[in-house]
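Colleague: Can you walk me through this model before I go back to the bench?
Modeller: Yes, here it is.

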Amino acid sequence: MKAEQLFSVLSVSPEDTENAGKKVAEIISGYIVTGDYPTVALYGDLGAGKTCFVRGLADVLTPGAPVKSPTYTVVNEYPGNPSLFHFDMYRIESEDDLYSIGFEDYPERGISVIEWSEKIPYALPREYIRVTIDKISDTERNITAEKIKI
Ligand SMILES: Nc1ncnc2c1ncn2[C@@H]1O[C@H](COP(=O)(O)OP(=O)(O)OP(=O)(O)O)[C@@H](O)[C@H]1O
Ligand SMILES: [Mg+2]
């Protein structure tokens, strides 16, 4: 596995975290060519700010889309050109669960951003953007974005 760091920032507010999402959106906009669309895999504890980050990402990729946590539905679609698929894998326990939502079909349909990527290490594509959000206090987060190639 090769990991190339894209950026690392200290966020001190939800707005800073949204801005990190916007920055990743701008970076992956440059990756949209033919074939599968990019995947952004998010890592971070409960309340780290993953959904907040997706709000910034969607603001650039699918402006106006109402971002809300897909905890119960597993995936929300924000229509656009291409669409953005917002996953929350918190409740996914097996490859069968993933199969039942047709996860393997999404990369050709649009950009994917995945909360709780920790749950599906075996299902990530060969190339993706890894975003790690570390909660260092009530209001501070360390956010690192890397380009991963297996
Ligand atoms: N610097 C910060 N960045 C992001 N969120 C922050 C920050 N400081 C405080 N917060 C608060 O942390 C919470 C983050 O919530 P959010 O739903 O984005 O987290 P999450 O990682 O998606 O959680 P879950 O694991 O439940 O999906 C919000 O209540 C937000 O106001
Ligand atoms: Mg969330």
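Modeller: What follows covers the sheet, the helices, a salt bridge and the pockets.

Colleague: Ground rules?
Modeller: This is a predicted model, in which local features need pLDDT of at least 70 and side-chain atom pairs count only at pLDDT 80 or more, while totals for chains, interfaces and linings use all residues. Residues are numbered from 1 along each chain as its sequence is written, chains are lettered from A and ligands numbered from 1 in the order written, and side-chain values use heavy atoms, with hydrogens and water left out.

Colleague: What order do the strands take in the sheet?
Modeller: The order is β1-β7-β6-β2-β5-β4-β3, seven strands in an open sheet with mixed pairing. Strands are DSSP runs of E, at least two residues, and helices are runs of H or I, at least four, numbered from the N terminus. Two strands pair if DSSP finds at least two bridges between them.

Colleague: Which are the edge strands?
Modeller: β1 (2-11) and β3 (75-78), each of which pairs on one side only. From one strand to the next the twist averages 15°; axes here are lines fitted to C-alpha atoms, for helices over the stretch in contact, and angles run from 0 to 180 degrees between N-to-C directions.

Colleague: What does β2 pair with?
Modeller: β2 (residues 39-43) pairs in the parallel sense with β5 (residues 110-115) over three bridges, and Thr39 stands opposite Ser112 in β5. β2 also runs parallel to β6, joined by four bridges. There, Val40 has Ile129 in β6 as its bridge partner.

Colleague: And β6 with β7, parallel or antiparallel?
Modeller: Antiparallel, over nine bridges. Thr132 is partnered by Thr144 in β7. The two strands are joined by a hairpin through five residues.

Colleague: Where do α1 and α2 sit?
Modeller: Helix α1 (residues 14-29) lies across β1, β2, β5, β6 and β7 and runs at about 150° to β1. Helix α2 (residues 50-61) packs on the sheet too, touching β2, β3, β4 (83-88), β5 and β6, with its direction at about 165° to that of β5. Contact means heavy atoms within 4.5 Å.

Colleague: How many salt bridges does the structure hold?
Modeller: Three, counting a side-chain nitrogen of Lys or Arg within 4 Å of a carboxyl oxygen of Asp or Glu. One of them pairs Asp59 with Lys22, with the closest N and O atoms 3.5 Å apart. Asp59 is in helix α2 and Lys22 in helix α1, 37 residues apart, so the pair links distant parts of the chain.

Colleague: Switching to pockets. How much space lies in the largest pocket?
Modeller: About 280 Å³. A pocket is an open set of points on a 1 Å grid over the protein atoms alone, where a 1.4 Å probe fits, with protein on both sides within 12 Å along at least five of seven lines; lining residues have an atom within 4 Å of a point. Grid points are joined across faces, edges and corners, and the volume is the space filled by probe spheres set on the points.

Colleague: Which residues lie nearest its centre?
Modeller: Tyr31, Asp36, Tyr37, Pro38 and Glu127, out of 14 lining the largest pocket. β6 (127-135) gives the most to that lining, with three residues.

Colleague: And the second largest pocket?
Modeller: About 200 Å³ of space lies there. Its lining includes Thr39 and Ser112, and helix α3 (residues 95-100) gives the most, with three residues.
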